[in-house]
Amino acid sequence: MTDNLTNDMNLLSKEDVDLAKESLQLLDNYRKLQDRYTALFTLNQLSNDCADLNTFYKQVHHSIASIMNAKNFYIVLYDQTFATLEFVYHVDEKDTFPSGSVDYKEFKGSMTCHVIETGKPLLVTPEVMPELIREGKIKHVGVKGTDWLGVPLISDGIVIGVMAVQSYSESTIYQEHDLDLLTFTGQHIVTAMGRLQDRERLQKAVDARTRELMNQIREREKSELLQESLFRISELTNDASIDINKFYDMVHNIVGQLINAENFYIAKFDIKKDTLSFVYYSEQDEEDVERKFNPRKFSNGYTELVIERGETVLLNYYEMLALYEQGKTLKPKGKTKSWLGVPLIQSGDVIGAMVIQSYQTNIIFNEQDAELLNFVSQHVSTAIKRKELAQFERKTHELLEQQVKLRTAELEDEIKQREKIEQQLKYTASHDSLTGLPNRTVFLDLLNHAIACNKRRPELQFAVLFLDLDRFKVVNDSLGHHAGDILLKEIGKCLSEILRNKDTVARLGGDEFVILIEDLEHPQEAHDVAQRITELLATPFQILNQPVFIGTSIGVLFNDIRYENAEIMLRDADTAMYHAKDMGKGRYEVFDSSMHKKVQNALLLEADIREAIKNKEFVPFFQPIVRLNDDEIVGFEALARWQSEKRGFVYPNDFIPLAEETSLVMDIDFQILEKSCRQLKNWHVEFSRDDLYVSCNLYCEHFFSQNLPNDIAEIIKRVGIKARHLRLELTERALLENSDIVLENMMALKKMGVKILLDDFGTGYSSLSYLHRFPIDVLKIDRSFINNVHEHNNHQAIIKTIVDLATNLQMATVGEGIENIADAELLAQMDCMYGQGYYYYKPMPAHEMKQYLA
């Protein structure tokens with residue numbers, strides 16, 4: 001079209017020619033504007049279409065090349081903080097560009113740096129170049145070209161880079177409109193670059209977090225596998241019914257899951273015959289296997305080296321060769337690349353060795369492998385000992401096997417319960433996971449709301465019903481927990497159906513339910529509801545195809561102006577429920593002043609306890625702990641006693657439960673601990689018995705506090721005793737809650753030198769997993785197993801198992817509640833180290849204890 005206009009201009013008048021030229025100019029301007037629009041549209045679209053910056057830079061080049069000559073093109077980014085340049089994209093016929101980040105100084109004086117420093121576009125032609133050089137603004141950098149055109153990339157007023165084109169041919173020149181076009185383009189790609197850079201940074205962050213999570217998952221799986229394997233080995237060791245050869249094979253399989261144990265053997269040393277026999281082996285090298293593992297005289301092999309030293313030996317081939325050159329061992333075989341052996345120790349004597357070896361250069365054993373194998377060796381030693389004593393223990397073998405199976409089943413059931421609890425913790429915070437009813441939190445909110453409404457409008461009467469199922473435990477024990485869960489669901493469903501829509505039934509936990517009856521017109525309505533529920537739950541439920549009679553006791557509480565919060569109302573309703581149980585169960589009782597009197601007594605007792613703490617009325621009674629083989633006193637357990645100024649002597653059972661409920665026991669514990677330490681220091685000086693220690697009980701909540709190590713350290717420093725003279729007792733409950741902070745506190749106390757005792761072992765969770773995890777020094781066997789143990793064979797088996805377990809884990813044992821000589825002698829025969837009880841000494845005040853120490 002333009003050519004036709006030009007040809008036709010010769011036929012037109014001057015006015016027509018001028019008009020035609022003006023039309024051509026407008027057409028050319030329109031085409032340039034259209035090119036700019038097309039380029040801008042393409043660039044805007046690129047930020048959405050391009051997956052990464054490299055693709056984006058390439059597409060930017062193509063877009064610019066479509067509207068101007070851009071055969072030689074590059075984009076360089078400038079990092080002002082680190083003073084670096086990075087040529088992120090470049091296409092050039094002659095010039096080369098460095099990869100990665102380069103120092104800004106290396107390009108100082110270049111046209112690129114000039115644009116960065118001025119922040120303005122620059123068009124350099126052969127005529128302009130000498131002038132710029134003469135003025136010192138630039139110096140020649142790179143291959144000399146004809147024209148060079150560069151524009152700054154500016155973000156938030158800061159130059160972040162340069163986009164440039166250059167020409168090496170006189171036929172390709174750049175003009176001002178090219179400069180305008182490139183400047184126009186540069187202004188719009190910065191925003192797109194920012195979006196893509198943000199996207200890449202986000203993707204990198206997501207990828208990094210994903211890798212981190214995957215690593216955490218792998219580490220957790222590895223840790224779980226290790227814990228499971230150690231637990232399985234412990235189970236195998238405690239199962240005396242397994243044949244010893246089968247035991248070796250199973251241990252090998254378990255070890256093989258944790259370490260490369262393709263080449264594995266167990267050697268036993270007969271000190272009388274001076275021979276070494278290989279009781280189990282698995283060998284990858286099939287050459288002359290039988291001869292290699294035939295029994296032999298004790299010589300200078302590497303297995304013999306482990307037995308002689310009585311310690312772990314970890315060697316590579318060169319270390320083995322060095323031992324040979326020193327004349328200590330036989331010459332190693334060239335196939336062996338890594339060799340690890342640990343001793344089997346029984347009662348302090350080395351009875352053999354357990355060995356793994358590698359013939360591959362990519363399988364090299366380390367100290368972690370040595371530590372694991374050494375742990376396994378302890379169980380193998382115990383198994384060998386039990387096999388040798390099998391004939392002696394045959395009479396009690398069946399009973400022990402039965403107890404082990406029962407305990408294993410209990411552990412499995414406890415693990416299942418633990419998993420169930422963990423799942424329930426993830427369940428919604430507003431409803432009970434079993435019945436779907438509102439839980440305690442929701443019920444308390446509703447009850448508080450009802451109290452507030454009653455304060456504003458006294459005519460809005462309401463009542464609380466507190467239900468406890470009378471025979472639920474019997475159902476659980478006879479039909480199982482599944483039947484109990486079904487029963488709870490059925491009861492929850494029935495309670496919901498028997499109430500009005502505006503009333504609320506909730507499950508507090510276990511077999512306890514609460515009901516909020518609102519908008520009462522007369523108290524009899526609540527009596528009627530309680531009676532209907534009593535009659536309903538007195539009828540049998542069909543559970544697992546058999547009738548189940550359950551019954552319920554209900555406490556009824558009506559609103560009263562004195563109640564300010566839901567917790568108090570719930571407490572009084574609970575009190576009324578227990579009164580109903582005391583009256584014979586299967587009934588309901590309304591809370592009255594007599595019941596309130598019991599509550600008042602509890603409040604008075606709480607006030608007296610607080611005053612007693614302030615007046616330091618709590619004193620320690622000391623019960624000696626003796627060494628069973630010679631009845632020597634080695635230490636004391638400090639027990640809290642209260643000599644009240646108001647009440648006289650108060651027995652522990654009368655104040656400890658309330659002290660624990662109100663957390664006042666925390667202050668009592670510290671008061672007893674400090675007084676006990678002071679008394680112990682006095683005895684050290686008075687009787688020159690620096691070997692005596694004192695063992696103090698701490699409520700589990702102490703171990704949930706991060707301040708516990710500092711509190712104990714301050715008492716030790718204030719009193720002036722050594723940390724080794726103090727022992728702290730905790731119950732198994734402390735290990736089941738907040739286990740991370742409990743472990744942290746126990747490790748800090750151990751580092752100080754304070755020993756940790758696990759009290760009442762055998763009656764609670766009694767998990768092998770936390771015996772491995774937590775730094776426990778002593779297991780205190782619960783008195784329920786000790787009392788007349790000489791008359792109970794099953795208790796003897798349990799105690800023996802606990803003592804053996806503690807011995808394998810390098811823990812001491814203390815038998816509690818020894819009340820006769822027969823029990824004391826039997827515990828000593830079972831290798832229980834220490835004991836305490838009325839057979840030796842009763843708990844007594846410090847002034848009475850002096851006569852025994854004297």
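**Exercise 1. Salt bridges between distant parts of the chain**

The count comes to 37 salt bridges, a salt bridge being a side-chain nitrogen of Lys or Arg within 4 Å of a carboxyl oxygen of Asp or Glu. The model is predicted: local features need pLDDT of at least 70, side-chain atom pairs count only at pLDDT 80 or more, and totals for chains, interfaces and linings use all residues. Residues are numbered from 1 along each chain as its sequence is written, and side-chain values use heavy atoms, with hydrogens and water left out.

Task: Determine which parts of the chain are linked by the salt bridge of R440 and E567.

Solution.
- Step 1. The side chains of R440 and E567 form a salt bridge with an N to O distance of 3.1 Å.
- Step 2. R440 is in helix 13 (residues 440-456) and E567 in helix 17 (residues 566-582), so the pair links distant parts of the chain, 127 residues apart. Helices (H or I, at least four residues) and strands (E, at least two) are DSSP runs, numbered from the N terminus.
- Step 3. R440 is partly exposed, at 34% relative accessible area, and E567 is partly exposed at 41%. Here buried means under 20% relative accessible area, exposed over 50%, and partly exposed in between (1.4 Å probe, protein chains only).

Task: Describe the salt bridge between E564 and K455.

Solution.
- Step 1. The closest N and O atoms of E564 and K455 are 3.5 Å apart.
- Step 2. Because E564 lies in the loop between strand 18 (552-558) and helix 17, while K455 lies in helix 13, the pair ties together parts that are 109 residues apart in sequence.
- Step 3. E564 counts as exposed, with 60% relative accessibility, whereas K455 is partly exposed at 32%.

**Exercise 2. A bridge from a strand to a loop**

Task: State whether R689, the salt-bridge partner of E632, is buried or exposed.

Solution.
- Step 1. In the salt bridge of E632 with R689, the closest N and O atoms are 3.5 Å apart.
- Step 2. E632 belongs to strand 21 (residues 632-644) and R689 to the loop between helix 20 (665-687) and strand 23 (693-697), so parts 57 residues apart in sequence are tied together.
- Step 3. R689 counts as buried at 17% relative accessibility, while E632 is partly exposed at 34%.

**Exercise 3. Helix 23 and its neighbour**

Task: Compare the expected span of helix 23 with the distance between its end C-alpha atoms.

Solution.
- Step 1. The expected span is 1.5 Å times one less than the number of residues.
- Step 2. For the 14 residues of helix 23 (residues 739-752) this should be 20 Å, and the end C-alpha atoms are 20 Å apart, which agrees.
- Step 3. Buried residues of helix 23 include I741, V742 and L749. The helix is followed by G753, whose phi is positive, near 115°.

Task: Identify the residues that make the contact between helix 21 and helix 23.

Solution.
- Step 1. The axes of helix 21 (residues 708-719) and helix 23 come within 9 Å and cross at roughly 25°. Axes are lines fitted to C-alpha atoms, for helices over the stretch in contact, with angles from 0 to 180 degrees between N-to-C directions.
- Step 2. Helix 21 is therefore roughly parallel to helix 23, a term for angles under 35 degrees.
- Step 3. L708, P709, I712, A713 and I716 of helix 21 meet N745, A748, L749 and M752 of helix 23, contact meaning heavy atoms within 4.5 Å.

Definitions and conventions. Angles under 35 degrees count as roughly parallel, over 145 as roughly antiparallel, 65 to 115 as roughly perpendicular and the rest as oblique.
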